[in-house]
Amino acid sequence: MRDSYSKFEAHGIKLYAISYDDEKTLREFADAQSIPYPLLSDIDSEVIENYGILNTEVSKDDAFLHGIPFPGAYVTDANGVVVAKFFHDTYKKRDSAETFIDAAVGNIHQHADAPSAEGGQPELKITAFVHGGSGSIRQGIIRKLVVRFDLADGLHIYSRPVPDGMVATELKVSGPVGFIAQEIVWPKPQLLDTEFTDKDLYVWSGTTDIVIPFYADGDLVSETRPLDVEEINIELSIRYQACTSTECLLPRTETLHLTLNTDVIDVPKLKMHLGHGQRESQYDSTPALRRLIWRKAKQNPLGLPKFVWKSIKLEWAARRRGA
């Protein structure tokens, strides 16, 4: 969000981040990392809990981890009404800044630096582009593959279901091992008003965006090793049939290819994260971690030894499985 801050400003969107860190930690972090928006301190996780985003997978026996929220974001309108929310079960999966902007403004903007490919016909243009982070792929960061149909007036393509002999729009995307394509997000189709069939037909016309969210897991790019490759290729298969109210064009299947650059992730400047070939923070968070451990130890004196013992047992179990 820091790197995309100018995009938020261009749309008049205000940013706020909240965590259970103390004010000193947030102030030092913001200065070292040049964070241009407010960081809010919620030491007792009171606001986090009231918003229903307290990470319930982390118990009080997890020492200094207890009190963290599920990672995510709310998008509100000018009146504070939530219009969208994005939350995940792990910090390793995050949405792109552009996703929040899309939710706030109500449309998807294709950026000039996004990897793209084109296909289609004179009366039906197809553009596939990667949305978010200039199209780079990083571990856990969710990007969007947007397939945009620009149809001439009077032309439409079909959603499911369709009668026998007609072709509904289909998309399939594939990539290397570790490339994870999520469920396709289809826009709401319109009911077609026609006299040629007694069955309901649902279609898209004009400019239509179909979205395939995707991310990379540790098999492709990892926070624990340098990049294996500098770029990857993904393949997109598109099958569709375009029709007017009186006739249909022949069904078509097109294959588009896009090349995406891989990238490392930002990691804290802590010993456990250093030396893995990632982009290391300018902020040494060791003093902040010590303050956090001390604060949590006073709140729950037995929490830290329980956490250490739990970690040791997990390490032993992992070694036994690997033996």
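**Notes on the predicted model: helix H2, the cores, strand E8 and two polar residues**

1. Let me begin at the start of H2, where a side-chain oxygen of Asp 22 comes to within 3.1 Å of the backbone nitrogen of Lys 24. Do keep in mind while reading that this is a predicted model. At the other end, just after H2, Ser 34 has a positive phi of about 55°.

2. Which residues of H2 are buried? Within this helix, which covers residues 23–33, they are Thr 25, Leu 26, Ala 30 and Gln 33. These four sit on the same side of H2, because the arc they cover around the axis is only 125°. Glu 23 and Asp 31, on the other side of the helix, are exposed. As for what the buried residues of H2 pack against, the partners are strand E1 (17–19), strand E2 (39–41) and helix H5 (286–299).

3. Stepping back to the whole chain, the protein has 323 residues, and buried ones make up 38% of them. There are 6 helices and 19 strands. Along the principal axes, the C-alpha atoms fill a box of roughly 75 × 55 × 35 Å. The accessible surface is about 18800 Å², and carbon and sulfur atoms account for 52% of that area. If you count contacts between residues at least 6 apart in sequence, 60% of them join residues at least 24 apart.

4. Now for the nonpolar interior. The largest nonpolar core has 30 residues, and the members that touch the most others are Leu 124, Leu 145, Phe 149 and Ile 238. At least two residues of this core come from each of strands E7 (124–131), E8 (141–151), E14 (207–216), E15 (231–240) and E17 (252–261). Which strand supplies the largest share? That is E15, with 5 residues. Another core, of 13 residues, lies apart from this one and includes Leu 15, Ala 30, Ala 97 and Ile 101. Ala 30 thus turns up twice in this note, as a member of that core and as a buried residue of H2.

5. Phe 149 deserves its own point. Beyond its neighbours within four places in sequence, Phe 149 is in contact with Leu 124, Lys 125, Ile 126, Ile 157, Thr 169, Gly 206, Thr 207, Thr 208, Ile 210, Ile 238 and Tyr 240. Two of the residues in that list, Leu 124 and Ile 238, are also named with Phe 149 among the members of the largest core that touch the most others. Ile 126 is a bridge partner of Phe 149 as well.

6. Strand E8 is mostly covered, with 10 of its 11 residues buried. How does E8 pair with E7, parallel or antiparallel? The two are antiparallel and share 8 bridges, and the pairing of Ile 126 with Phe 149 in E8 is a bridge you can look up in the model. E8 and E14 also run antiparallel, joined by 8 bridges; here Val 147 has Ile 210 in E14 as its bridge partner. E5, by contrast, runs parallel to E8, with 2 bridges between them. Arg 94 is the residue that stands opposite Ile 141 in E8.

7. Ser 96 lies in the loop between strand E5 (94–95) and helix H4 (97–105). Why does it count as buried? Its relative accessibility is 3%, and the cut-off for buried is under 20%, so Ser 96 qualifies. Its side chain makes a polar contact with the side chain of Arg 143, at 2.7 Å. Setting aside neighbours within four places in sequence, Ser 96 is in contact with Gly 132, Ile 141, Ile 142 and Arg 143.

8. Gln 278 is another loop residue, found between strand E18 (266–267) and strand E19 (279–280). With a relative accessible area of 10%, Gln 278 is buried. What does its side chain reach? One partner is the backbone oxygen of His 276, at 3.3 Å. In addition, a polar atom of the Gln 278 side chain lies 3.1 Å from the backbone oxygen of Ser 222. Not counting residues up to four places away in sequence, Gln 278 touches Ser 222, Glu 223, Arg 225, Pro 226, Val 264, Ile 265 and Val 267.

How values were computed
Residues are numbered from 1 along each chain as its sequence is written. This is a predicted model: local features need pLDDT of at least 70, side-chain atom pairs count only at pLDDT 80 or more; totals for chains, interfaces and linings use all residues. Side-chain values use heavy atoms; hydrogens and water are left out. Buried means under 20% relative accessible area, exposed over 50%, partly exposed in between (1.4 Å probe, protein chains only). A polar contact is a pair of N or O atoms within 3.5 Å; within protein, one must be able to donate a hydrogen and the other to accept it, and residues adjacent in sequence count only if both atoms are side-chain atoms. Contact means heavy atoms within 4.5 Å. A nonpolar core is a set of buried Ala, Val, Leu, Ile, Met, Phe, Trp, Tyr and Cys residues joined through side-chain atoms within 4.5 Å. The arc is that of the directions from the helix axis to the C-beta atoms. Accessible areas come from the Shrake-Rupley method with a 1.4 Å probe; for residues, only the protein chains shown count as cover. Two strands pair if DSSP finds at least two bridges between them.
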